[in-house]
There are 2 protein chains.
Amino acid sequence: MSDENEYDDDYEPPPFIAEAQVNVSSEAPPDPVSSISKERDGKFDTLLMHQFLEGKAKSKQILKLYKSLERDPFLRATFNDYEITREQSRELSAVRINRMARYIETDSPEDFHRRLNLLTVYDPSTGIRIAVNLGLYVNCVKGNGTDEQYKYWCVTNQTKDINKLYGCFGMTELGHGSNVAGCETTATFDEETDEFVIDTPTISATKWWIGGAAHSATHSAIYARLIVKGKDYGVKTFVVPLRDTDHELLPGVAIGDIGSKMGREGVDNGWIQFSDVRIPRFFMLQKFCKVSREGKVTLPPLEQLSYISLLGGRVGMAVDSYRIIARFITIAVRYGVGRRQFQKPLAEDWDPEVQIMDYALHQRRLFPILALCYAMALGTSQLENEHTAILKDLEAAVKANDTKAINKSIGDTKSLFIDSGSLKSTNTWLAADCITECRQSCGGHGYSAYNGFGKAYDDWVVQCTWEGDNSVLAMSVGKTLIKNVEGVLSKGNKVGGSVAFLSNAKEYVKDLKKEYLTDEDVNSPSKILTALEVLIVRLCYSSLETLKSNGGDWDAISHTRVLLSKLRAHHYLLQNFIGQLSNADSSIRPFLDVLLRLYANAWVLDSFSADFLLNYVYPQSVKKLVNATRIPELCTEVRPRAILLTDSFLQPDMLLNSAIGKYDGNIYENYFGIVKEQNPAYPSKAPHSKILEDMLNRGSIDERSREELTDETKDLFKI
Amino acid sequence: MSDENEYDDDYEPPPFIAEAQVNVSSEAPPDPVSSISKERDGKFDTLLMHQFLEGKAKSKQILKLYKSLERDPFLRATFNDYEITREQSRELSAVRINRMARYIETDSPEDFHRRLNLLTVYDPSTGIRIAVNLGLYVNCVKGNGTDEQYKYWCVTNQTKDINKLYGCFGMTELGHGSNVAGCETTATFDEETDEFVIDTPTISATKWWIGGAAHSATHSAIYARLIVKGKDYGVKTFVVPLRDTDHELLPGVAIGDIGSKMGREGVDNGWIQFSDVRIPRFFMLQKFCKVSREGKVTLPPLEQLSYISLLGGRVGMAVDSYRIIARFITIAVRYGVGRRQFQKPLAEDWDPEVQIMDYALHQRRLFPILALCYAMALGTSQLENEHTAILKDLEAAVKANDTKAINKSIGDTKSLFIDSGSLKSTNTWLAADCITECRQSCGGHGYSAYNGFGKAYDDWVVQCTWEGDNSVLAMSVGKTLIKNVEGVLSKGNKVGGSVAFLSNAKEYVKDLKKEYLTDEDVNSPSKILTALEVLIVRLCYSSLETLKSNGGDWDAISHTRVLLSKLRAHHYLLQNFIGQLSNADSSIRPFLDVLLRLYANAWVLDSFSADFLLNYVYPQSVKKLVNATRIPELCTEVRPRAILLTDSFLQPDMLLNSAIGKYDGNIYENYFGIVKEQNPAYPSKAPHSKILEDMLNRGSIDERSREELTDETKDLFKI
């Protein structure tokens, strides 16, 4: 090796080459169990934390339901769920629906709702199949039908107990998604027979993506254009039967399977074409729009309330986002603590490799997600409560026909629309990103189906598209915020409800260069909240300026509208987190406080730093401080309690359904065990092995060529 | 409706409610074919554009290969590829490997390489199975073995023709991914028998993820710790046979299927455990490290060159990123142009809905991706050339044992390491994001398997993890950049190769608040390039400052190191795009110029705006201008040629393999046709229908309860 220095040795090769000189002892294989269990040593009570996150009563309910789900032979998740074909997924899902149909008869409505919510974390296909029936179909009938109609379709017929009828929701068409008003399906009133004729006039009018249509549903609640005496009254809702009691398709109803999808293979999505299908007039849902025997159409003013039935789905998806992130951050943190990779510089041979959770970058990838998850837990719990309360008030007000109370409720639904719209879109996007980041943080093992990421991601991402495409929804929220600020600035309006802070708009735009956050303030969540409010207001203000100069072209500012919706979602989460912190027991409050500050620094100040800087809400020094100092410091504070903070979600191994994510931390044994169990060694060769063997045992190309290419053949022909 | 005004009508409901008053005629179903074909009207020659993107010779080669692949009965993609089970995927893949084994015998090496590259766009499972054998295994033998060893294992045995032997690459272990130096598998020299004993000492030492191991491979090139006379010499490479000519596992070799994965189901990844398997000494690859008959170990200095064989994979993945983005941006733009949704405000009943590609937000979501794709096409083509040239020079230099030439080549590989490392990690991350954005832009239809997104994404994302985990790779690149700047600043070094601009470091940090980009400059790609160089240098500089104050803790600045790698990747793409533009024919140059400026504005100035602002490279006004004005304007300029600019990738329908993305633009007919074809109507009920029917036909809970719960029963017992 005397000539070593002849060669340029200043080279910086990839780390695994650079470190090749460091010996790692083969005597000390990794011991993830003790790495993880060591970090559980009684630093705080995870049950207390769970109670704080979910509320005491809900925490108890959830633990009771976890126990029931874990033990239920049909409902519990298994690693086999990662192996099955589409048809098997659908059968499994049918089995689980049937099982859930027993629980719905005995659970309280709140327990059943929560049971469904928890099942959905690991089996979203079954979750949505039930939600389409009980959520979309039943709510559509309830929201758009008269009391008698609801009673007939849902109670008498036991639909709401998943019995007799099974409903699907026929809104979207092949050519019409977000713009429901563009639906082409027609419902033409035939005065002579007192019927509606339901028809699919074109291919683009084919009802598309209809969950449950392919195999389960007996009835549909569909959106179709009401045509009476040649006049088009726009899109209304109708109950149209699809299958008889023998479960055979009715005449005129053409249904097909939508086939293979990115995920949710357990759901029997279908397409539906109606060919002049006749339904009695009273199958039209007539709470609002009414068609009389003579074809007189009345459109009462409260029709706008019919959309409220859709908000429940959005609230649910905001909550789902929290639970799915909790699932994967638990897995990723356990893996990060148990996994070791690379030795420290100057380590001795016998030193173990470093826990990857100790690397600054790994902390920075995962701990902000953990903090976000806490913010979402508290925020979406609050959103659920808000939704329940508003719905209850509205129902009471409408029942009492109390105009004042109705107006109050309509005001409340404004907040709910903004809150659920911004949180549905923002949270579902964030959840997709968080699942991805957690997966990548587990390296190659994140790609194994048995660790749960792949199926969960594929099942998840449709949440960004359905029940209000995230971009469309966010644009709509952004528009509402801008209009609110316009009202404050031009008419001196006061904004109520959850975005009351917009009423301060005038002050925040008086001096557009006035800064609202100093370096010292980055530790103060409430000051960060104010800074965020200033940013939202200033973005609304600059949007209004743009609208003035572009002739009111809202389309041109849609990018900012989406941004506003995201900011508003974080505002909701941050405000709520701050508000709830004081309720926490003093034994856990300090840890929550760290997470709150990490959340506010990483997801608000850092993520949107360009916008803060551009709008002079804070100076460059804040960005530098947050990015280079505060986030790493806060991550270091989280580090010793990372395991307990994820344990606190109390999600059982069954729900995590991840070989590397189990509570016991025995990562490698568990993972290898499951791989072996799911992939028996017999037969020793692949069924298709002969293809490979024949290929490898083939002769060379010369041996396989007939003699036709040889010189001898050439000579034969003398050409 | 007289009481309408009693209710608050200032409400901003979701758009589909807001627009419900707008009638959409059911007489004019969408006509995507004419929408799309109209935009093809001879604006420029797409073949000319293709030749510019790929180079004239490569363009010709690619079109020839597309023709061959499209027609080949085994190699062509079909919609059935989206339906099949894991075992069917693996069989299909075996069939395709066998077919490719015929082409390798007749194609030129360049054609075969390109054929594999193109096949990989739609069947990455087959692509990687072949690449593991020819790329990883053969290159490992070539890079680490002597000429005789290479000849024996690869030529004589026809491995390089996919015949006789089939190799796999045994690097990673269950407990060891990025840190190859931590491998636990041992290769202990037995002087008595002149053999190595290969052993897996612990569960974490199990070779894991080994592509081809489960069913195909006959041999493995493995990484194991060389132990001679009790001394551990670190990780070296060995050829270990796995299966005999009957394709049966050899004694002592335990192999299992790794089972279900997120994607790439066609790949037979396996795990391997060796139990004291003996191989002759000459099975150790001994180009560098040599073990003599007597157990004398020599480690010559050039061992660092052994990693070079891994760079080819990274270059390939950078190129793959371009082609996969091209595939999905083509689909998304065609759909965006053909799809219509919502009418314009104040539109008449008979006006068609708006093409969604005309919405500002839709343009902003897709056109930057289109621009990025062009930048990647040109940049990765250049990277491929760079790689080929350097490898050729190095081989010649080593063969001639020319120290000076070897040193020159080592210098070149420094650039190649930075370029391939930053482009592999950045491009593969970006590709994952772009597939996602394109999918979401197609709304619900993006979720159908028949449109290609789901499978492609699931197959894709492993690229971010394998052959150099993106984060680890990016950290390594960032470190090299920082060290280079340190050399310039402290020793006055001159940096050569592709990062020569770092030599200007002193100037860029002289006045850290000197701005390098004004509002006028945002139209000048070369000024943007300079600004980017300044940003890179200043980030390196501030990292060095941090290192000074933290005692040289590189870990603490890993976040910035990753950022630097991303910036460097964009620097490479931007510099190259600028350089190539002048070669373009004048008939296409103006369109390329728009894309170049859009790329530079969106992906450089806007994406990293917080860093530019923080480092005073440009003032707030630039960010505002770019974000609010320039990007939307450039998108508007792209809009009329969007179809042609995606057509120019010339990817055939077979390769796109997407129902909504076909060239003819007949979105709805194609899509509906494929859904029907793939999902025959018979049987009319699901195989598991009885589960659902029995559930729906069950009696009520009272009917099903035995009498045991009734009062009558209670009375019986008198308790």
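## Close-up views of a two-chain model

**Figure 1. How the two copies meet in this predicted model.** Of the interface residues of chain B, 100% are also interface residues in chain A, so the copies meet through the same surface. To lay chain B on chain A, take a turn of 180° and a shift of 0.0 Å along the axis; the RMSD is then 0.1 Å. This is the relation of a two-fold axis. If you would like a landmark for that axis, look for B:Ala610: among the residues of chain B, B:Ala610 comes closest to the rotation axis, with its C-alpha at 2.2 Å.

**Figure 2. Helix H23 of chain B and its partners in chain A.** Helix H23 of chain B spans residues 689-696, and its buried residues are B:Ser689, B:Leu692, B:Glu693, B:Met695 and B:Leu696. These residues cover an arc of only 160° around the axis, which puts them on the same side of H23(B). Follow them across to the other chain: the buried residues of H23(B) pack against two elements of chain A, helix H5 (86-106) and helix H7 (124-144).

**Figure 3. The open sheet of chain A.** Here you can trace three strands in the order S4-S8-S7 (chain A), with antiparallel pairing. At the edges are strand S4 (207-210) and strand S7 (253-257) of chain A, each of which pairs on one side only. On average, neighbouring strands of this sheet are turned by 20° against each other, direction ignored. Zooming in on one pair, S4(A) and strand S8 (residues 270-274) of chain A run antiparallel and are joined by two bridges. To find your way along this pair, start at A:Lys207, whose bridge partner in S8(A) is A:Ile272.

**Figure 4. The open sheet of chain B, seen from its S7-S8 pair.** In chain B, too, look for an open sheet: three strands lie in the order S4-S8-S7 (chain B), and the pairing is antiparallel. Strand S4 (207-210) and strand S7 (253-257) of chain B stand at the edges with a single partner strand each, so one side of each is left without a neighbour in the sheet. The average turn between neighbouring strands of this sheet is 20°, direction ignored. This close-up follows S7(B) and strand S8 (residues 270-274) of chain B, which pair in the antiparallel sense over five bridges. A handy place to begin is B:Ile255, which stands opposite B:Ile272 in S8(B).

**Figure 5. Two domains of chain A and the contact between them.** The domain assignment of chain A gives domain 1 as residues 72-299 and domain 2 as residues 310-647. Between the C-alpha centres of domain 1 of chain A and domain 2 of chain A there are 33 Å. Where the two domains touch, 20 residues of domain 1 of chain A are in contact with 23 residues of domain 2 of chain A.

**Figure 6. The surroundings of A:Val594.** You will find A:Val594 in helix H17 (residues 589-606) of chain A. With a relative accessibility of 6%, A:Val594 counts as buried. Leaving aside neighbours within four places in sequence, A:Val594 is in contact with A:Leu634, A:Glu637 and A:Val638. For orientation, A:Ser526 is 68 residues from A:Val594 in sequence and 14 Å from A:Val594 in space, C-alpha to C-alpha.

Note on methods:
Residues are numbered from 1 along each chain as its sequence is written. Chains are lettered from A and ligands numbered from 1 in the order in which they are written. This is a predicted model: local features need pLDDT of at least 70, side-chain atom pairs count only at pLDDT 80 or more; totals for chains, interfaces and linings use all residues. Side-chain values use heavy atoms; hydrogens and water are left out. Copies are superposed by least squares on the C-alpha atoms of residues with pLDDT of at least 70 in both. Contact means heavy atoms within 4.5 Å. Buried means under 20% relative accessible area, exposed over 50%, partly exposed in between (1.4 Å probe, protein chains only). Helices (H or I, at least four residues) and strands (E, at least two) are DSSP runs, numbered from the N terminus. The arc is that of the directions from the helix axis to the C-beta atoms. Two strands pair if DSSP finds at least two bridges between them. Axes are lines fitted to C-alpha atoms, for helices over the stretch in contact, and angles run from 0 to 180 degrees between N-to-C directions. Domain bounds come from an automatic or database domain assignment.
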